[in-house]
Amino acid sequence: MTSEDNYILTRDFLENSRLNLFHYQWVEVFGYRTHPKIPIDGPKLRLADIGAGTGVWLTDLAARLPPSVQLDGLDVSLRAMPPKEWLPSNMTVREWDIKSEVPNDLVGVYDIVHARNFIFVLKNDEIKDTMAKMMKLLKPGGYLQWGESEIYKWKIMQSNPQGDASALGELMSLTLGQDARLQATWISNIAEYLTEAGFEDVETDLRDPQPHLAFMMHECQLVLHELITRQTRNESVRKEVQRLLPLVEEQTVAGASTDIPRRNVIGKKPKVGD
């Protein structure tokens with residue numbers, strides 16, 4: 001992720017729990033951890049998760065890949081990580097801010113680079129530079145997999161069309177208006193940015209979660225609103241979110257939920273001579 005002072009959310013057990021649960025929900029929506037077109041059969045692969053957070057993408061993969069595969073978690077803060085002593089033996093963690101230069105020893109070393117949830121980190125004008133850094137991390141022929149939620153395309157679904165979802169609509173509009181990053185229209189154009197950066201075989205996998213999964217993800221992400229209020233210095237916003245959340249909980253139980261598209265995009269760094 002990026003500078004702790006600029007991170008929209010908190011770094012505590014609530015956010016860590018949300019991230020861990022969200023990972024498994026994401027896998028349920030897409031049916032994979034790495035895209036089926038990304039080869040993962042090499043015994044000496046090296047993978048990086050950028051903005052690794054709790055490390056859950058890597059620890060989940062560790063149980064499914066040979067122990068000879070090297071797994072590296074990079075993030076500006078390692079606060080959300082389990083103790084290093086409890087990580088898989090083939091996993092390392094390291095502090096690195098995506099907005100800083102790529103360290104020399106990480107240039108061109110990765111077969112697969114993974115990134116997800118950078119909507120909370122990057123602004124529209126920071127994407128091109130970030131894509132160039134992702135490319136720099138990869139070996140020739142290596143793959144980038146990038147996943148994002150198109151939060152700015154949220155809509156409300158209801159099991160009873162006559163039900164009340166007004167508080168939910170108010171909450172979404174209020175919270176998403178607190179930071180320009182949450183209006184990250186770059187997400188819809190990730191594939192175009194990858195192509196422009198020089199990636200090949202770019203492919204988008206866009207999913208609308210099934211209603212029961214969308215509902216589960218909605219409940220998981222209600223925590224976001226609480227976390228954002230902890231970070232905001234706007235007392236009136238904090239009080240309004242606190243007023244709305246109990247109403248949203250009631251409307252959720254009655255069958256109101258957000259419905260948000262989810263997107264994975266992959267691209268391959270050209271091999272030398274291609």
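Okay, let's start with a rule for rings: Phe, Tyr and Trp rings count as a pair if their centres lie within 6.5 Å, and for Trp that's the six-membered ring. With that in hand, have a look at Phe22, Trp26, Phe30 and Tyr32, because ring pairs link these four into a cluster. I should say right away that what you're looking at is a predicted model.

So how many aromatic pairs does that rule give? The count comes to five. Let me pick out one of them, Trp146 with Trp186. Their ring centres are 5.8 Å apart and the planes sit at 75 degrees to each other, which makes this pair edge-to-face; the cut-off for that label is over 60 degrees. Where do the two partners sit? Trp146 is in strand β5, residues 138-149, while Trp186 is in the loop between α4 (166-176) and α5 (190-197). The two parts are 40 residues apart in sequence, so this ring pair ties them together. And are these two tryptophans buried or exposed? Trp146 has 0% relative accessibility, so it counts as buried. Trp186 comes out at 1%, so that one counts as buried too.

Now let me zoom out to the whole chain. There are seven helices and nine strands in the protein. The C-alpha trace spans about 60 × 35 × 35 Å along the principal axes. For 274 residues you'd expect a compact globule to have a radius of gyration near 19 Å, and the protein has 19 Å, so the two agree. Of those 274 residues, 56% are buried.

What about contacts? If you take the ones with a separation of 6 or more, 81% of them are between residues 24 or more positions apart.

On the outside, the protein exposes about 12,400 Å², with carbon and sulfur atoms supplying 50% of that. For charges, I've got 31 positive and 39 negative side chains, and the centres of the two sets lie 3 Å apart.

Last stop, the far end of the chain: Lys271, in the segment after β9 (262-268). This lysine has 47% relative accessibility, so it counts as partly exposed. What does Lys271 touch, if you leave out residues up to four places away in sequence? The answer is Pro140 and Gly141. Gly142 is worth a look as well: it's 129 residues from Lys271 in sequence, yet the C-alpha atoms of the two are 8.3 Å apart in space.

That's my tour, thanks.

Notes: Residues numbered from 1 in each chain as written. Predicted model: local features only at pLDDT ≥ 70, side-chain atom pairs only at ≥ 80, totals over all residues. Heavy atoms only, no water. Helix = DSSP H or I, 4+ residues; strand = E, 2+ residues; numbered from the N terminus. Rg over C-alpha atoms; globule rule 2.2 N^0.38 Å. Buried < 20%, exposed > 50% of the residue type's maximum accessible area, 1.4 Å probe, protein only. Contact = heavy atoms within 4.5 Å. Areas by Shrake-Rupley, 256 points an atom, 1.4 Å probe, with all protein chains shown as cover. Lys, Arg positive; Asp, Glu negative; His and termini not counted. Charge placed at Lys NZ, Arg CZ, Asp CG, Glu CD. Phe/Tyr/Trp six-rings, centres within 6.5 Å; stacked < 30°, edge-to-face > 60°.
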